[in-house]
Structure formats: C-alpha cells, structure tokens
Amino acid sequence: MDDRDEEARRLAASGLSMRDGFACAVKALRYMQELGLSPKDALETLPRSSTADRFVRVSVPPQRVLDRLKAVPEENEGAVIGTDGERVFLRPDRRGTGIFLFAESCGAETAASLCDKAEKQIRNAVSSLTQKTVRDK
C-alpha cells in the first residue's frame, strides 16, 4: 500500500530465488567449477545418510504416546524425537491404531537402529500408559 518496503522489493527482484530450481542448479554448477569439482567428486562430499520407516501398533491413543515421549510437534501432523542430526518423525495413523516412524541418520548409527530405539520408547510409553489406566480403575 505504500513504499516502505521498496528497497526489499528491489533486492528481491534483482536476486535469484533459492526456491527456483534452475537458479539453484546454476549456482551449484558455478560453485563446482570454481572449486574444480566434477559432479562425482561433489556427490562424494555430501554426508552419507540413510532412512527407514516402520509402523507400530498401539493400544492407547497415539497422541497420548507422543505426549509421553515429549515429541516435538511438527507442522505436518506429526512430531519428532531425536538429537545430533538424527531424528525420527512420528505420525499417528488416521484410525488411531498406531504410529508411523520415519527415521533419518547422518551418523554412523543407521536409521533402522533409530527406528528400533523409537519403537522401544513407544512400547515402554504404551506399557506405562496402560498400567496407569489399570491402576486408575
């Protein structure tokens, strides 16, 4: 409505957007050329990562399990647990019968073992929630 953001608009118009895939590709190629890297060499410098996924059935509402795990909510209908570049995304299924696990790891630990750890945490949380429900009755 006014000209207060004119400088920001001018800068945005003159710069390549990082959301523009072609502009990102050109920048990456220019950077590789400056360093004398071939595409193979550049790919070898990327950190190794692995992923894994799993489904864990639960006998209590999945949201109670996520609360018990102190999982950090994410924008896309789930939560995350993990640290140091390793994370497991947890998403309840639509029927409320289980939790999907999606793990990624950049370290020596594999994503599958992250899923194993998360599954164990989920089973422990379900067990403690179930025991609490029985005691409350």
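Which residue of β4 is the bridge partner of I81? In the predicted model described here, that partner is V88, and the contact belongs to the antiparallel pairing of β3 and β4, which extends over three bridges.

Strand β3, which spans residues 78–81, also pairs with strand β2 (residues 72–74), again in the antiparallel sense and over three bridges; within this pairing, P73 has A79 of β3 as its bridge partner. The residues of β3 alternate in direction, G78 and V80 pointing one way from the strand and A79 and I81 the other way, yet all of them are buried. Thus A79, the partner of P73, and I81, the partner of V88, point to one side of β3, with G78 and V80 directed the other way.

Beyond β3, strand β4 (residues 87–92) pairs in the antiparallel sense with β5 over six bridges, and in this pairing L90 stands opposite L101 of β5. The two strands form a hairpin with five residues between them, in which G96 adopts a positive phi near 80°. Strand β5, comprising residues 98–105, pairs in addition with strand β1 (residues 50–57), where the antiparallel arrangement runs over eight bridges; here T51 has E104 of β5 as its bridge partner.

Among the helices, α2 covers residues 21–35 and contains 15 residues, and the distance from its first C-alpha to its last is 21 Å, close to the 21 Å expected at 1.5 Å a residue. The residue that follows α2 is G36, for which phi is positive, near 70°. A positive phi is thus found at G36 after the helix and at G96 in the hairpin of β4 and β5.

With regard to cysteines, a search of the whole structure returned zero disulfides. C24 has a relative accessibility of 24% and therefore counts as partly exposed, whereas C115, with a relative accessible area of 0%, is buried.

The confidence of the prediction varies along the chain, for which the average pLDDT is 84, with 86% of the residues scoring at least 70. Among the elements of the chain, β1 has the highest mean pLDDT, at 92, and helix α1 (residues 6–14) the lowest, at 77. Where pLDDT is low, the predicted coordinates should not be read in detail.

How values were computed
Residues are numbered from 1 along each chain as its sequence is written. This is a predicted model: local features need pLDDT of at least 70, side-chain atom pairs count only at pLDDT 80 or more; totals for chains, interfaces and linings use all residues. Side-chain values use heavy atoms; hydrogens and water are left out. Helices (H or I, at least four residues) and strands (E, at least two) are DSSP runs, numbered from the N terminus. The expected span of a helix is 1.5 Å times one less than its number of residues. Two strands pair if DSSP finds at least two bridges between them. pLDDT is the predictor's confidence in each residue, from 0 to 100. A disulfide is a pair of cysteine sulfur atoms within 2.5 Å. Buried means under 20% relative accessible area, exposed over 50%, partly exposed in between (1.4 Å probe, protein chains only).
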